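Open the model in your viewer and keep the selection tool at hand. This tour moves from one selection to the next.

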Amino acid sequence: MPMAGVLNIPQPPFYRPVSGSRRVPRTSFSIRATSDFSEAPVTPSSSATSTKEKPEPISISAPPNFKPPEPKPFRLKPDKALDILGASLALLFRLGTGAFVSGYSASFVSKDEIPPDQYALQIAGFKVKETSKLGPRPEKPIEIYEFESCPFCRKVREIVAVLDLDVLYYPCPRNGPNFRPKVIQMGGKRQYPYMIDPNTGVSLYESDEIIKYLAGKYGDGTVPLMLSLGLLTTLTEGFAMIARMGKGTSYTPSKMPPKPLEIWAYEASPFCKVVREVLVELELPHLYRSCARGSPKRHILYEKAKHFQAPYLEDPNTGVQMFESAEIVEYLKATYAK
């Protein structure tokens, strides 16, 4: 697949009207192995009267005298050690699901086989050649309404990493004033995750249905084992987030950015997780460029920034581009929290 197909991705507006077909489950939600996080049902007609109009964009600027930090691989601030340790437990419970792109393979090659201007791990005088097998690429990014601490939402984020998809996320933290009402208006239920594929007009609730759809449309139809174990999948998704104690759940008053932020990250990384938690709490829409191991986007970011490290933030509202998770968290709070 040409790299240009990954780079030239249009950014849809925050409040794009939904057209085309829409699939919504006929049955009401109940707690079971295949159900998603849901609250009391609300009819579209009642929510439409309470849904706010699109908020007026406001001027956003970086904190005074802000300077992006130099990237330092494998650096961990002492006061952030517990955060990263807690976020790392997901790797254990989920057996690394979301850390590798579909069809991932790796081999050691001579350091001369991979040019120095291309991304590659280097170990003991050798380089690691990583490959993957990707399915068809969507022309426009998938749109997903969800929040970080929901186990059903995490299931979908893992398949996004496996399929190496770019997703425009609309965070829906508890008490969030913008995108929770929008989900009710569009789909008729306060249930998460909620997916819209602007490439086909399909919209779906139910994480398992979303996973099957994405795997069939943008993969080879295979659902990874750890995402197909029913109740066990749901339980381990929940256990994976216990140590974070609800981070990424509740809304923190914030300024709505005129344009979505862009974040290069992947689900299995604990450093990416702590940044995502803050993006969700501040209800900041963001284009998520998934780049798990084996993703060709690792090469793209390496060429773009002359370095690869995840997460990497690009804020089109301020022009800031930066690595380092702890500093990204500080920047987001200083720039967007009220």
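Start with Thr 236. This residue is buried, with a relative accessible area of 11%. The model is a predicted one. Thr 236 sits in helix α7, which spans residues 231-240. Now show what surrounds the side chain. Setting aside neighbours within four places in sequence, Thr 236 is in contact with Phe 93, Arg 94 and Met 226.

**Next stop: two helices**

Select helix α3, residues 81-93, together with α7. Two packed helices are described by the angle between their axes and the distance between the axes. Here the axes come within 8 Å and cross at roughly 155 degrees. An angle over 145 degrees counts as roughly antiparallel, so that is how α3 and α7 lie to each other. Colour the residues that make the contact. From α3, pick Leu 89, Ala 90 and Phe 93. From α7, pick Thr 236, Phe 239 and Ala 240. By class, this contact has 5 nonpolar residues, 1 polar residue and no charged ones.

**Next stop: the loop after α3**

Select Gly 98, in the loop between α3 and β2 (105-110). Is Gly 98 buried or exposed? It counts as buried, at 2% relative accessibility. Now add Ala 161. The two residues are 63 residues apart along the chain, yet their C-alpha atoms are separated by 5.1 Å. Ala 161 is one of the contacts of Gly 98, leaving aside neighbours within four places in sequence. The others are Glu 158, Val 162, Tyr 266, Glu 267, Ala 268 and Ala 292.

**Next stop: the cores**

Which residues have the most contacts inside the largest nonpolar core? Select Ile 144, Met 195, Leu 214, Val 275, Leu 313 and Leu 332. The core itself has 55 residues. Zoom in on Met 195. Beyond its neighbours within four places in sequence, Met 195 is in contact with Ile 142, Glu 143, Ile 144, Val 202, Ser 203, Leu 204, Ile 210, Tyr 213 and Leu 214. Apart from this core lies another, of 18 residues. Among them are Cys 153, Tyr 170, Cys 172 and Leu 287.

**Last stop: helix α9**

Select residues 297-305, which form α9. Its buried residues are Lys 297, Arg 298, Ile 300 and Leu 301. They are on the same side of α9, because they cover an arc of only 160 degrees around the axis. Finish with Lys 306, just after α9, which takes a positive phi of about 65 degrees.

Technical notes. Residues numbered from 1 in each chain as written. Predicted model: local features only at pLDDT ≥ 70, side-chain atom pairs only at ≥ 80, totals over all residues. Heavy atoms only, no water. Buried < 20%, exposed > 50% of the residue type's maximum accessible area, 1.4 Å probe, protein only. Helix = DSSP H or I, 4+ residues; strand = E, 2+ residues; numbered from the N terminus. Arc of directions from axis to C-beta. Contact = heavy atoms within 4.5 Å. Axes fitted to C-alpha atoms, helices over the stretch in contact; angles between N-to-C directions. Parallel < 35°, antiparallel > 145°, perpendicular 65-115°, else oblique. Nonpolar A, V, L, I, M, F, W, Y, C, P; charged D, E, K, R; others polar. Core = buried A, V, L, I, M, F, W, Y, C linked by side-chain atoms within 4.5 Å.
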